[in-house]
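Me: Please take a close look at one part of this structure, going through the surroundings of a single residue and the strands around it. I would like one connected account rather than a list.

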Amino acid sequence: MRPMQENIKVLYFANKCLEPYVMIITGNDSVKPRWSVCSSEEGNRSEGEEPEDILPVLRNHSQLLNDQHIESLANHIPARTQGYPWNLVYSTAIHGTSLKTLYRQMAHIDSPVLLVIKDMEKKVFGAFSSHPFRVSDCCYGTGETFVYSFDPAFKAYRWSGENSYFIRGHMDSLQIGGGGGLFGLWLDADLYNGASFPCHTFNNQPLSTQQDFTVQDLEVWTVQ
């Protein structure tokens, strides 16, 4: 990822996304979780001592995330989302396999979300989205959005700055990242078939072992 100073960028969406919006992008979005002001351990730490990583609280059981996954993701989501509990919004194990249901579960949510996928090859990957998933006529989202994979080590692919094709929702598919006719992550209406290709938005490698993959389980969490 190219280094970014804090600045203001006016972005223009292509592909019918013609309205500009202003977004403040900061170069430091991987700040570790802050200590609670009421933590007794905070007062006991010696000056200059770094706090140990604190895992976020998951208010629901995850079928897909272990502590290693959670720690890696918690250290890479934007600083503004740090310190909040994670809430399960959608799970194929609970809600079935339907993109329409996924959209319905997010209808009243106004916060970033974390998409987690496990494919039939047992590989875990997904995306952090600055906005909840919804049906849209054009692309939406900000440069906070990124895709990731565990291979098995964690790898995050952040916004390249080449385009703004962050997220686009259709009734028959969900698209994350794009450029050159390829999507960084694509899911069908049944949340069963997916695809992941290198795309200009994130300059990513395919997130799954195969560019075309089959979903075993999928979860979406709110992180703020």
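Reply: The structure, which is a predicted model, holds zero disulfides. Two of its cysteines can be placed by their accessibility: Cys199 is buried because its relative accessibility is 4%, under the 20% cut-off, whereas Cys138, with a relative accessible area of 25%, is partly exposed.

The part to look at closely is the surroundings of Asp119, a residue of strand S4, which covers residues 113-119. Asp119 is buried and yet has no salt bridge; the nearest side chain of opposite charge is that of Lys123, at 6.9 Å, and because a salt bridge calls for a side-chain nitrogen within 4 Å of a carboxyl oxygen, that distance does not qualify. What the side chain of Asp119 does have is polar partners, for it reaches the backbone nitrogen of Glu121 at 2.9 Å and makes a polar contact with the side chain of Ser208 at 2.6 Å. Leaving aside residues up to four places away in sequence, Asp119 touches Phe125, Ser208, Thr209, Phe213, Thr214, Val215 and Gln216.

Strand S12, made up of residues 212-222, is also the strand to which S4 is joined, by seven bridges and in the antiparallel sense; within this pairing, Leu114 has Trp221 of S12 as its bridge partner. S12 is joined to further strands as well. Strand S3, residues 87-91, runs antiparallel to S12 and is connected to it by four bridges, with Ser91 standing opposite Glu219. Strand S11, residues 193-195, pairs with S12 over three bridges, again antiparallel, and here the bridge partner of Gly194 is Phe213, a residue that Asp119 touches too.

Another charged residue can be set beside Asp119, namely Arg158, which is found in the loop between strand S7 (154-157) and strand S8 (167-169). Arg158 counts as buried because its relative accessibility, 14%, is under 20%. The side chain of Arg158 reaches the backbone oxygen of His76 at 2.8 Å, although these two residues are 82 residues apart along the chain and their C-alpha atoms are separated by 10.0 Å.

To return to the starting point, Asp119 is a buried residue without a salt bridge, whose side chain has the backbone nitrogen of Glu121 and the side chain of Ser208 as polar partners, and whose strand, S4, is joined to S12 by seven bridges.

Definitions and conventions. Residues are numbered from 1 along each chain as its sequence is written. This is a predicted model: local features need pLDDT of at least 70, side-chain atom pairs count only at pLDDT 80 or more; totals for chains, interfaces and linings use all residues. Side-chain values use heavy atoms; hydrogens and water are left out. Helices (H or I, at least four residues) and strands (E, at least two) are DSSP runs, numbered from the N terminus. Buried means under 20% relative accessible area, exposed over 50%, partly exposed in between (1.4 Å probe, protein chains only). Lys and Arg count as positive and Asp and Glu as negative; His and the chain ends are not counted. A polar contact is a pair of N or O atoms within 3.5 Å; within protein, one must be able to donate a hydrogen and the other to accept it, and residues adjacent in sequence count only if both atoms are side-chain atoms. Contact means heavy atoms within 4.5 Å. Two strands pair if DSSP finds at least two bridges between them. A disulfide is a pair of cysteine sulfur atoms within 2.5 Å.
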